[in-house]
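Here are three short exercises to work through with the model open beside you. Try each task before reading its solution.

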Amino acid sequence: MKQIWIIAKKELHSFFDSLMAYVMLVLFLGFTGFFTWMPSGQDIFLINQATLQPFFGIAYWTLFFFVPLLTMRGVAEEKRSGTLELLLTKPVTDWQFVSGKFLSTLLLIAVALVLTLPYYFTISRLGPIDHGAVLSGYLGLLLMSAAYTGIGIFASTVSKNQIVAVLLALLIGIFFHIIFDVLARGISGFMGEIIHYLSLSTHFESISRGVIDTKDLIYFLSIAFAGLLGSVSILSKRSLSDA
Amino acid sequence: MDIVVENLTRKYGAQRAVDDISFTVHTGEVLGFLGPNGAGKTTTMKAITTSFAPTSGDVKIGNISVLDQPEEIKKHIGYLPESNPLYSEMAVLDYLHFVAELHGIPRDKRESRVLEMVNVCGLEGEKHKLISELSKGYRQRVGLAQALIHDPEVLILDEPTTGLDPNQIVEIRELIKKIGREKTVILSSHILAEVEATCDRILIINKGKIVADGTAEELRKTARGNELLRVTIEGGEKNEIFTAIQSIPTVESVNFFAGDTPGFEVSSANGKSSRKAIFQLCVDNGWFLTALIPVDTKLEDVFRNLTMK
């Protein structure tokens, strides 16, 4: 655990040192703020309800694009520059390394989400707001980010090239994000149910409506875990193939 | 902690980068690892540092196997890879702190240990700079500092002095020698003088196999067991002198030698010396012996002999 935190801390430093974190925060707040407040067809003034649903809706998409951008550098750059080889000769296991990367990305997203809390405070003064739904909405965003971080780190381990990593993460992600949902509508029976279960949007919607079900929690966490597991298994193969 | 390499083999596809090599390095020994490019030096070092698993064979450090307990081994080794990878966006001090923390150096000792390394490796003036701003020599020093920071029992250095200026090379060699008195050190290099100056023992490896193992002195002896003399004799006719030398019983072969002082190159039979006989020959014939120089075999020649085959 200590090693994971040391690596996560270093990663967070490099996020902030490289301006990556600031650019991401500004863009995230800009996008979500704009679509939540400004007349954009789905802003809260049009809906005329004290709810954060418009924010959750737009953050659902913003995070989908931002998470891969944050994770693409993680492992790919360390592989390219050779620092990975050196780091893994230090008392760090593959799991600790990957988990550290995961934790740092998730923490940065948590910071971004915390910075949107003023939206919540403002809206709660405009009218009666469902506090439970807000809480679970935030939880949903965080869980979704965890799932995409897992996928992103996996993609970053597959390739030494950051662009390939980001595209691969988006490619895998889009299936969970929307394609499974669309497919599930057209397919009935057992297969349909499986695909429906795999769709991230269904799980996200039920959480953001305020229903926190263990099934949904398990869903998000297992995607994240699967991503990290894939990443670790690729790292452990380096012993067989790398020059 | 002793390093024991047992029948280590590492294949890349069908090619054997390292082919069934075994050797032992004892505590308090500095082993120099020599070989032409692609001989398998780096591969062996990577196997020792758990960077990757051997195809077959094993490496044990202090009786702990690399295959069974890599995590335990990682605590005891310091490694400077050939390419010296560093986090270029980090400042020197931050990077050393990060490495110290990873090695579990307690918080209260970390600061002093980092500063000690900065001092030892001559990074005083650069410690606040970003690693990306450093010249190659300074980056190499940072690489050394991170390898030494946890005071490892075993030190693996892949070409440690590349990019350093001559003063720094001397300093680093002294440092390695000092460390080598108590620890186990393996260093690879392509500079033969460096290996000779720093190492207690030399291992020459070629095409994945060990071709020589011993001190610099031993290697020279095995490379040319015969005495070789450069002789200049005046006062007589060249060919006459040539046949006279050839008739000395201990002489194996004589060649004309053209150089600053033209003369003969006399090679004696194994284990014999011809110096006295040559002198006696000159006295008997009334010639003047103006030069009699024993020729040392250079380590370069040893290296070439062993690796050109």
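A patch here is built from residues with over 30% relative accessible area and no salt bridge, like charges being joined within 9 Å and nonpolar side chains (Val, Leu, Ile, Met, Phe, Trp, Tyr) within 5 Å. A salt bridge is a side-chain nitrogen of Lys or Arg within 4 Å of a carboxyl oxygen of Asp or Glu, and accessible areas come from the Shrake-Rupley method with a 1.4 Å probe, where for residues only the protein chains shown count as cover.

We're working with a predicted model, in which local features need pLDDT of at least 70, side-chain atom pairs count only at pLDDT 80 or more, and totals for chains, interfaces and linings use all residues. Residues are numbered from 1 along each chain as its sequence is written, chains are lettered from A and ligands numbered from 1 in the order in which they are written, and side-chain values use heavy atoms, with hydrogens and water left out.

**Exercise 1.** Find the nonpolar surface patch that includes A:Val23, and place that residue.

Step 1: its members are A:Leu19, A:Tyr22, A:Val23, A:Leu27 and A:Phe31, with about 480 Å² of accessible area together.
Step 2: A:Val23 belongs to helix 2 (residues 20–37) of chain A; helices (H or I, at least four residues) and strands (E, at least two) are DSSP runs, numbered from the N terminus.
Step 3: A:Val23 has a relative accessible area of 48%, so it counts as partly exposed, that is, between buried (under 20%) and exposed (over 50%), with a 1.4 Å probe and protein chains only.

**Exercise 2.** Work out the strand order of the open 4-strand sheet in chain B.

Step 1: the order is 12-13-11-14, with antiparallel pairing; two strands pair if DSSP finds at least two bridges between them.
Step 2: strand 12 (251–257) and strand 14 (288–294) of chain B are the edges, each pairing on one side only.
Step 3: from one strand to the next, the twist averages 25°. Axes are lines fitted to C-alpha atoms (for helices, over the stretch in contact), and angles run from 0 to 180 degrees between N-to-C directions.
Step 4: helix 10 (residues 275–285) of chain B packs on this sheet, touching strand 11, strand 13 and strand 14 of chain B. Contact means heavy atoms within 4.5 Å.

**Exercise 3.** How do strand 6 and strand 7 of chain B run in their pairing, parallel or antiparallel?

Step 1: strand 6 of chain B sits in an open sheet of 6 strands, ordered 6-7-8-3-9-10, with mixed pairing.
Step 2: strand 6 (77–80) of chain B is one of the edge strands.
Step 3: strand 6 and strand 7 (residues 154–158) of chain B run parallel, joined by 4 bridges.
Step 4: look for B:Leu80 opposite B:Leu157 in strand 7 of chain B.
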